[in-house]
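This report covers internal cavities and helix packing in one protein chain. The structure is shown below.

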Amino acid sequence: MSGARFRRRAVGVVSALLLAVCGPLTASAAAQPGVSSGTPMTPAAEARAKHSVVTWGASADRQGAGPADRSYRLIVRTSVGGTNLRIRLSNAFGEHPVTFASAYAGLRKQGAELVHGSNRRLSFGGAASVTVPAGETVFSDPLPGTLAAQSYLVISLYVTGAQGPTTGHGMAMQTNYATAGDHAAEEGAANWTDPMGSWYWLDAVDVETSASVGSVVTLGDSITDGWASTIDQNRRWPDYLSRRLQAASGLTVKGVANEGISGNKVLADGAGQAALNRLQRDVLSQPGVRTVFLFEGINDIKAHSGVTVDDMIAGYRQIIDRAHAAGKCVVGATVMPFKGWSEYDAASEAVRQGVNDWIRNSGALDAVTDFDRITRNPYDPQLILPFFDGGDHLHPNDKGMQAMADAVDLGSLTSC
């Protein structure tokens, strides 16, 4: 291990331990000796120590105006399990305060119906409701109890006073539900008559677990967001990666937070804020993050905006440097082929090839996953393999998503 990598890992461990103030579904462990003081812990003490780790995430973005008196039932799939669940509610793109008059967490039985007896009220600073100012976020109080890995967690929110643009994630690839009035406490599905394909206000869930356990955040665009994968089946490539991590033994990275936004770019705002501009909120602010998985660039390259290989490298370097400064490992992935997509041309292909050469050979990343090599057609490397093609020659189908996840060296996620 190089000296730089050792220092980054040391910073990451200390930062993770200092984040031990969170959680939702079991009583919080008492503070362990050495966690707050910075004194090195023995292996036994480290095994007992706890901290908070993100178990689910979805990048916040500006959405349209929402009704002022409405309930939202939001269904998410956890990655790592733990205790003392917390949710993070975001009004990052709102222009007015929004009030969450009630919030509940439960487990899904089917559709909008919850497992009987699982729906429990969340609190905020001990209160049942909270008002979040424009541009701000808030964490719920830890909810005592245990939340299993790979659970269908249901967050039900009753929202009042919403005006103007809302904050949410437009392409959930998950059916969620809404209804007029306050029905957040209900476990039945009868009143949840308005299905929707987005998540609103909820942008992260974390749990408390061993201080040795961390998460990986996948920073990406529509391929990471899951476009062309099967709705309601959690077949995005980060979902497949999460299942691999849960099944693997001897690994300390167990959580996965998907921070992909369809149409997102590294350098320019548009479909969501640019990766450079949302890195702190969507990635580095999440608790317990060990590794950043950087897989962006195709939207910059195919936009015909004059972006060069050097421009892309400069953007990547900023992300890598900021993540390293925060004590995180950075794994990068090559940009996949897109010949046959409407914006494809020789000039953009040349930029893609130059970018991929840098990703593979620069040494700037702690590890590299070669998605290009895994998904390309051997008879025409500028094309995605037909078996993996979701139909538009850019986005992979479920098989392609699984192949991408299978290509990740799990050990690389703890590479520094």
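## The largest cavity

Four elements, β1 (50-57), β3 (69-77), α4 (237-247) and β18 (253-260), each contribute at least two residues to the lining of the largest cavity. The model is a predicted one. The space inside the largest cavity comes to about 250 Å³. Its lining holds 25 residues, and those closest to the centre of the cavity are W56, R77, R236, D239 and N258.

Sorted by class, the lining of the largest cavity consists of 10 nonpolar, 10 polar and five charged residues. In total, the model has four cavities of 30 Å³ or more.

## The second largest cavity

The second largest cavity encloses about 50 Å³ of space. Its lining is made up of L294, F295, E296, Y316, G332, A333, W358, I359 and L365. Here β19 (289-295), β20 (329-333) and α8 (346-361) each provide at least two lining residues.

By class, seven of the residues lining the second largest cavity are nonpolar, one is polar and one is charged.

## Packing of α7 with α8

Helix α8, which supplies lining residues to the second largest cavity, also packs against α7. The two axes come within 9 Å of each other and cross at roughly 35 degrees. The crossing of α7 and α8 is right-handed.

On the α7 side, the contact is formed by V309, M312, I313, Y316, R317 and I320, and on the α8 side by V351, G354, V355, W358 and I359. The contact of α7 with α8 has nine nonpolar residues, one polar and one charged. Y316, W358 and I359 take part in this contact, and Y316, W358 and I359 also line the second largest cavity.

## Packing of α5 with α7

Helix α7 (residues 309-325) also packs with helix α5 (residues 275-284), at an angle of about 25 degrees and with the axes 10 Å apart. Because of this angle, α5 is roughly parallel to α7. The crossing of α5 past α7 is right-handed.

Residues A275, L276, L279, Q280 and L284 of α5 meet G315, Q318, I319, R322 and A323 of α7. By class, the contact of α5 with α7 comprises six nonpolar, three polar and one charged residues.

## Packing of α4 with α10

What angle do α4 and helix α10 make where they pack? Helix α4 and helix α10 (residues 398-407) pack at about 45 degrees, and their axes are 8 Å apart. The angle therefore makes α4 oblique to α10. The crossing of α4 and α10 is right-handed.

Helix α4 brings W237, Y240, L241 and R244 to the contact, while α10 brings D398, M401, Q402, M404, A405, D406 and A407. Of the residues in the contact of α4 with α10, seven are nonpolar, one is polar and three are charged. Helix α4 thus appears in two settings: this contact with α10, and the lining of the largest cavity, to which α4 supplies at least two residues.

Note on methods
Residues numbered from 1 in each chain as written. Predicted model: local features only at pLDDT ≥ 70, side-chain atom pairs only at ≥ 80, totals over all residues. Heavy atoms only, no water. Axes fitted to C-alpha atoms, helices over the stretch in contact; angles between N-to-C directions. Parallel < 35°, antiparallel > 145°, perpendicular 65-115°, else oblique. Left-handed = near helix turned anticlockwise from the far one by under 90°. Contact = heavy atoms within 4.5 Å. Nonpolar A, V, L, I, M, F, W, Y, C, P; charged D, E, K, R; others polar. 1 Å grid on protein atoms, 1.4 Å probe; cavity = no way out; pocket = protein on both sides within 12 Å on 5 of 7 lines; lining within 4 Å. Points joined across faces, edges and corners; volume = space filled by probe spheres on them.
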